[in-house]
Amino acid sequence: MSVRGSSEWDGIVASKTPVSLRALPIGTLYRGGEGMWTWVLQRITGVSVFFFLFVHVLDTALVRVSPEAYDLIIATYKTPIVNVLEVGLVGAVLYHALNGIRIILIDFWKRGPRVQRQMTWVVAGVWLVVMIPGTYYMMIHTIDALFGSTP
Amino acid sequence: MSSAPLAAPRSGSRTKQRSNFELYGWLFMRISGIVLVVLVLGHLFIMNILDGGVQRINFAFVAGRWASPFWQIWDLSMLWLAMLHGGNGMRTIINDYAERNQTRFWLKMLLYVSTAFIIALGTLVIFTFDPSLG
Ligand code: HEM
């Protein structure tokens, strides 16, 4: 496990300590609660994006084969199902980036650890504010193709 | 309070053999992360949302973009930073979950070889792209 500051271990120790012996009002970032789930999501989104990037470099490499080969593979990205997956990918990257900034602020900003919980809400808020119009703009064509009157 | 003299330590100094690799890795995750915010979110915005998104992408679109050294450098930096950041993150995850030494070793070898392959392939594609194919 990478170094994530002593707070990670505080969380684990604190959770194994009887409640009566706990004297840690702050610093329990992990093991249960939002602190653990933000970390689990950071991990899942990081792995998913890494695997996608692998595929994405391979499909882009087709520009070296022929314009036809490239246009064919890009056509699959334009289909409704892959379009929805693409929205999911953007959502995953956006969460990972926003929560990544939160992690960096916890590590380097003096007040970071104290306001980490509020920062989780900022992450959720910014994510929603970007994703709602973002999803619409990414899907205009798909919505039109599936439900629009213009064929 | 008197006590028996302690025997001199028999093992060598441990500090000498340790490297700061994990510290630099930790720092790299944070520095590359900040740069990737601009590169990756900018890329996703331009490619998926701006002016029709993915629907307008084809060979000619790529040719137009890579005619500019600005986008070549953008994409090249993004490729290297994202693969190294993601690769180092995957290394951490393998270390966390693969408990047998053999499993851990071979999973990491697979990770390093495939990561190096993708970085090399992507770099080659950006540098040798030939718009006249279109
Ligand atoms: C967009 C900007 C990004 C930011 C701000 C960011 C930030 C971070 C941070 C702060 C960490 C935690 C590092 C640690 O615990 O030491 C991390 C982990 C990770 N990131 Fe990113 N990252 C970004 C993009 C990416 C991309 C594009 C990928 C995939 C190629 C990726 C894959 C990973 C992986 C696999 C981990 C390891 C997760 C874990 O150990 O639980 N990240 N990222």
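Start at the ligand and select its shell: 21 residues surround it, and the closest are Arg43(A), His96(A), Arg30(B), Gly33(B) and His85(B). A residue is near the ligand here if one of its heavy atoms lies within 4 Å of it. Keep in mind that this is a predicted model, where local features need pLDDT of at least 70, side-chain atom pairs count only at pLDDT 80 or more, and totals for chains, interfaces and linings use all residues. Residues are numbered from 1 along each chain as its sequence is written, chains are lettered from A and ligands numbered from 1 in the order in which they are written, and side-chain values use heavy atoms, with hydrogens and water left out.

**Stop 1: the ligand shell**

Color by chain. Residues of both A and B surround the ligand, so the site is shared between chains. Now show the helices (DSSP runs of H or I, at least four residues, numbered from the N terminus; strands are E runs of at least two). In chain A, pick α2 (33-60) and α4 (80-108); in chain B, pick α1 (21-49) and α3 (69-97); each of these supplies at least two residues of the shell. Which helix gives the largest share of the shell? That's α2(A), with seven residues.

Recolor the shell by class and you get nine nonpolar, nine polar and three charged residues. For that count, Ala, Val, Leu, Ile, Met, Phe, Trp, Tyr, Cys and Pro are nonpolar, Asp, Glu, Lys and Arg are charged, and the others, Gly among them, are polar.

**Stop 2: polar atoms facing the ligand**

Zoom in on three side chains. His96(A) puts a polar side-chain atom 2.8 Å from a ligand nitrogen. On the chain B side, His85(B) has a polar side-chain atom 2.8 Å from a nitrogen atom of the ligand, and Arg30(B) has one 2.9 Å from a ligand oxygen.

Stay on His85(B) and add Ser32(B): their side chains are joined by a polar contact of 2.9 Å. (A polar contact is a pair of N or O atoms within 3.5 Å; within protein, one must be able to donate a hydrogen and the other to accept it, and residues adjacent in sequence count only if both atoms are side-chain atoms.) Ser32(B) sits in helix α1 of chain B, and its side chain also reaches the backbone oxygen of Phe28(B) at 2.6 Å. Is Ser32(B) buried or exposed? At 2% relative accessibility, Ser32(B) counts as buried (buried is under 20% relative accessible area, exposed over 50%, partly exposed in between, with a 1.4 Å probe and protein chains only).

**Stop 3: salt bridges**

Go back to Arg43(A) and select Asp96(B) too. The two form a salt bridge, with the closest N and O atoms 2.7 Å apart. Arg43(A) belongs to helix α2 of chain A and Asp96(B) to helix α3 of chain B, so this pair joins two chains. Arg43(A) is buried at 12% relative accessibility, while Asp96(B) is partly exposed at 23%. The cut-off for a salt bridge is a side-chain nitrogen of Lys or Arg within 4 Å of a carboxyl oxygen of Asp or Glu. Over all chains, the whole structure has five salt bridges.

Two others are in chain B. Select Arg65(B) and Asp75(B), whose side chains meet in a salt bridge at 3.4 Å, N to O. Arg65(B) is in helix α2 (residues 59-66) and Asp75(B) in helix α3, so the pair ties together parts that are ten residues apart in sequence. Arg65(B) is buried, at 11%, and Asp75(B) is buried as well, at 10%. Then try Arg56(B) and Asp51(B), with a salt bridge of 3.6 Å, N to O; here Asp51(B) is exposed, at 64%.

**Stop 4: Trp26(B)**

Select Trp26(B), found in helix α1 of chain B and buried at 14% relative accessibility. Draw a distance to Gly89(B): the residues are 63 apart along the chain, and their C-alpha atoms are separated by 9.6 Å.

**Stop 5: around chain A**

Show chain A alone as a cartoon: five helices, zero strands. Of its 151 residues, 38% are buried. In helix α2, find Thr60(A), whose side chain reaches the backbone oxygen of His56(A) at 2.8 Å. Thr60(A) is buried, at 16%.

Finish on the surface by selecting Tyr136(A), Tyr137(A), Ile140(A), Ile143(A), Leu146(A) and Phe147(A), which make a nonpolar patch of about 660 Å². Patch residues have over 30% relative accessible area and no salt bridge, with like charges joined within 9 Å and nonpolar side chains (Val, Leu, Ile, Met, Phe, Trp, Tyr) within 5 Å; areas come from the Shrake-Rupley method with a 1.4 Å probe, and for residues only the protein chains shown count as cover. Phe147(A) lies in helix α5 (residues 116-147) and is exposed, at 68% relative accessibility.
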